[in-house]
Each structure stands twice: as C-alpha cells, then as structure tokens.
Amino acid sequence: MSTSDNAFQELARIFATRNNRVLEIEILPPALGPLLQDECSVGITKKYLVQSFVTARRIFFEKSRSQFECGTPRTITQNENERVTHGSSDAILEDLLVSTEIILLFDCEHLTACNWRRGRLDALKGHHDFSSHDPGPLIQALEAELTLMTTYLCSPLHRHTKSPTLWQHRLWVLSRLLEIREARARRLHFVNPSEETNQHQESSVDLLKSELAIVHRAGELHPRNYYAFNYMRQVHNILSDATEGSREGPSSLAESTIDSMLHWCLGHPSDISGWMFMLYLLKAVPKGNLHVSTVNKVVRYALDVGWEGESLWTFVDQSVKSLGLEETVYNALQRIPGTSFTTISTVQDESMRNTTLPVRPWKYWLTMARKYWGGYN
C-alpha cells in the first residue's frame, strides 16, 4: 500500500468512526506527525493530509463517474437516486462519503464534493416518509451533516472557519431539517395546538442559541468573520419566518441571544463583525429599555477600560443613529462635573481642526470619552 493510500485509510477510519461526534482537527508541525488522535482531538501534518486528499480525490471521481459528465455534476435521475440510497453496494457509498469528507478537509471550497453531498441528501429526502413518526435515515443523515460542518467550522484550520461554501452548506442542511420539523409540527397541531406552539417557540430559541455558540467559536478562531455572522442573520430570518404566527416570535428570538452576544462582543471589542450583528439583534427587538441598557453597558465598559478602538465606537455611533439613543450616550459620557455638551463640542472642533484626516462620526463619541478620561487627570 502506498503512503497516499495509507494516509487515506487512517483518516477515513477516523471519519467513519466519528458517530456524529464533533471533532477538533488541527494541522501539526512535521516533527509531531503524521497523524495523532486523542478522543475527539485530531492532529495531522499538512503533507499527510495532502497525501490523503490525493487518494480521496481519485476514489471520488472514479466511483462517482456515472454521476458526472466532464467533471460537472448533472441532474440526478430517480433511478440514480435509488442506486445512491438503496444500491447493492453500500461500500461504494461509504467510500464516496468519506472521500468527500477528506476532500473538504483539505479544500473547503471544493464545490463538486459539497454538491455531491447535497445530492445524496436530496435523494434521501425523496424516499422519506413524512407521515411516519420515525425520523428515519434522512433525519440521521442531516444531523450527521451538521456535526460534520461543526467539525470543520470550529476547528483551528486556516480557511474553514470563514469558508462561504461551508457556511452556505450548513444553512442548506439546517433549512432541510427545519422543513421536516415544520411538517411534523403541523401534524401535532391537530392534537394540541397550544402545546405545539410553545414547544416550537422553545425549540427555535434553543436552536438559535446553539448556532450562535458555533458562530462565536468560529469568530474566535478567525476574527472579523463576516461569513459566520451573516450566517446567523440568515438563521434568524428563517426562524423568524417560522414563528411569524406567534405573538412576539421574531423579536423574542433576537432578545434571547442579546446577553450572550453582548458578552462575546465585550470579550472581543475590536471585532466589527460581532458589533454589527449585535446592532442587528437590537434592531429586531422593539423594547426601547433593552436598547438603552445594552448600549449603556457598552459605553460604561469602554469608559472603564479606556477603550479607543474604532469598532466599539462605530457600534455606539450606529446605535445612536439607528435606535435614537443620542441622549443615552450623552448622559453616559457627561458625568464629569462642569462638563457640558457645548464644551465637548468645542474640544472636538479643536482636536479635528489641525488634522488632515477626514472627520469620522464615531470619533465624535471617542472625543467625548477622552474628555471624560481627562477629568481624572
């Protein structure tokens, strides 16, 4: 067996025995390799991963040749669906599954591998009996796909945490799961309408929180992860549409995550993508007192630690403009006796008069904060 084949077999064994667990995979320096595993922690050298990818790519294209023409996926017919999901050779399907997992581990933007996995899930959906109370293979496959995406998106890998392909694929899988849940919820509605509504709302909140935890981890691994927080906007929109019939569905969903989001933002005050998602959540909640208390906490944090970074003060500036919190921020920044709005405005004008840089709106609030800090000197 060649070194490449051996690398493929070892990594394939790890993926095949994952059992829906979320793995944490990282690239090892050559001296520690080529492959180490401790429970859910996996380390592999770049060279060993490349060797595994070479074999995985060869196996994938050889065994999926009937589904491709000139390397481009074509429409899967019903007969092909039968072969993919109920074919006589389960070994071929397993090889294709693990091959695409290794391919995506090496190249997170490999659309062909990603689309094949979508095609397989669509094929399973065509055979799913939605009238049955048994979740069946479709639910299991979708849940396994989500944990696989969590493995990629929450591992300390160079590109995966910010991969638009992986985030979009996760959204696609999650949407399919929600469709099935909606179908099952409609059946429960005829039995006990009020109980079904409460359970649906609770499960939506739990789902939003769990997805936000994944996004937080990805944001820690790759700062300013716009793809991750844009994914959260899309998830919130999907869940909001699903709870639109309830009294305060969309707003209560957003409100349920504000505390954890604020905690994350204060722990990563230079991450503008997190602050902009924080602003998105506040806009989704109509409660003015929540707006005031949240922005007050942000300003107080900045004043207490002496934070001058642009991202935080941009959030403050955008909150003032979007939520009408000008008076709130003024009150937080004018706690030095004898300091007035006119005085601070004059200070700002003087500080900007001799600079060649364009005046940015967020700098106005930072200038007020600097005057606040100057009161202690």
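In this predicted model, helices α11 and α13 run roughly parallel to each other. Their axes, fitted for α11 over residues 272-284 and for α13 over residues 310-323, come within 9 Å and cross at roughly 20°. Since angles under 35 degrees count as roughly parallel, the pair falls in that class. The crossing of α11 past α13 is right-handed. On the α11 side, the contact is formed by Ile272, Trp275, Met276, Met278, Leu279, Leu282 and Lys283. On the α13 side, the partners are Ser311, Leu312, Thr314, Phe315, Gln318, Ser319, Ser322 and Leu323. By character, the residues of this contact comprise nine nonpolar, five polar and one charged.

Helix α11 also packs against α12 (residues 288-305), at an angle of about 160° and with the axes 11 Å apart. This arrangement makes α11 roughly antiparallel to α12. The crossing of these two helices is left-handed. The contact involves Trp275, Met278 and Leu282 of α11, which meet His291, Thr294, Val295 and Val298 of α12. Its residues divide into five nonpolar and two polar, with no charged residue. Trp275, Met278 and Leu282 are also listed among the α11 residues that meet α13. An α-helix has 3.6 residues a turn, so residues three or four places apart point the same way.

Helix α12 has 18 residues, for which a span of 26 Å is expected at 1.5 Å a residue; the C-alpha atoms at its ends are 26 Å apart, in agreement with that value. The buried residues of α12 are Leu290, His291, Thr294, Val295, Val298, Val299, Ala302 and Leu303. Of these, His291, Thr294, Val295 and Val298 take part in the contact with α11. Just after α12, glycine 306 adopts a positive phi of about 70°.

A further partner of α12 is α16 (residues 361-374), packed at an angle of about 50° with the axes 10 Å apart. The two helices are therefore oblique to each other. In this case α12 passes α16 in a right-handed crossing. Arg300, Ala302 and Leu303 of α12 make the contact with Ala369, Tyr372 and Trp373 of α16. Five of the contact residues are nonpolar, none is polar and one is charged. Ala302 and Leu303 are also among the buried residues of α12.

Over the whole chain, the secondary structure consists of 16 helices and five strands. Of the 377 residues, 47% count as buried. Among contacts with a separation of 6 or more, 68% join residues 24 or more positions apart.

Towards the N terminus, isoleucine 25 is placed in strand β1 (residues 24-28). With a relative accessibility of 2%, isoleucine 25 counts as buried, the cut-off being under 20%. Beyond residues up to four places away in sequence, isoleucine 25 touches Phe15, Val42, Ile44, Leu105, Thr151, Ser155, Pro156 and Leu157. Isoleucine 25 and glutamine 37 are separated by twelve residues in sequence, and their C-alpha atoms are 9.2 Å apart.

Helix α2 (residues 46-63) also has 18 residues, and at 1.5 Å a residue its expected span is 26 Å; its end C-alpha atoms lie 26 Å apart, which agrees. Its buried residues are Tyr48, Leu49, Gln51, Ser52, Phe53, Thr55, Ala56, Ile59 and Phe60.

Histidine 236 is found in helix α9 (residues 226-242). At 4% relative accessibility, this histidine counts as buried. Apart from neighbours within four places in sequence, histidine 236 is in contact with Leu208, Pro250, Leu253, Ala254, Tyr280 and Ala284. Tyr280 and Ala284 fall within the residue range of α11, 272-284.

Most residues other than glycine have a negative phi. Asparagine 19, which is not a glycine, has a positive phi of about 55°. This asparagine is located in the loop between α1 (3-16) and β1, and is exposed, with a relative accessible area of 66%. Arginine 224 likewise has a positive phi, near 55°, in a residue other than glycine. Arginine 224 lies in the loop between α8 (193-221) and α9. With a relative accessible area of 42%, arginine 224 is partly exposed.

Technical notes:
Residues numbered from 1 in each chain as written. Predicted model: local features only at pLDDT ≥ 70, side-chain atom pairs only at ≥ 80, totals over all residues. Heavy atoms only, no water. Axes fitted to C-alpha atoms, helices over the stretch in contact; angles between N-to-C directions. Helix = DSSP H or I, 4+ residues; strand = E, 2+ residues; numbered from the N terminus. Parallel < 35°, antiparallel > 145°, perpendicular 65-115°, else oblique. Left-handed = near helix turned anticlockwise from the far one by under 90°. Contact = heavy atoms within 4.5 Å. Nonpolar A, V, L, I, M, F, W, Y, C, P; charged D, E, K, R; others polar. Buried < 20%, exposed > 50% of the residue type's maximum accessible area, 1.4 Å probe, protein only. Expected span 1.5 Å × (residues − 1).
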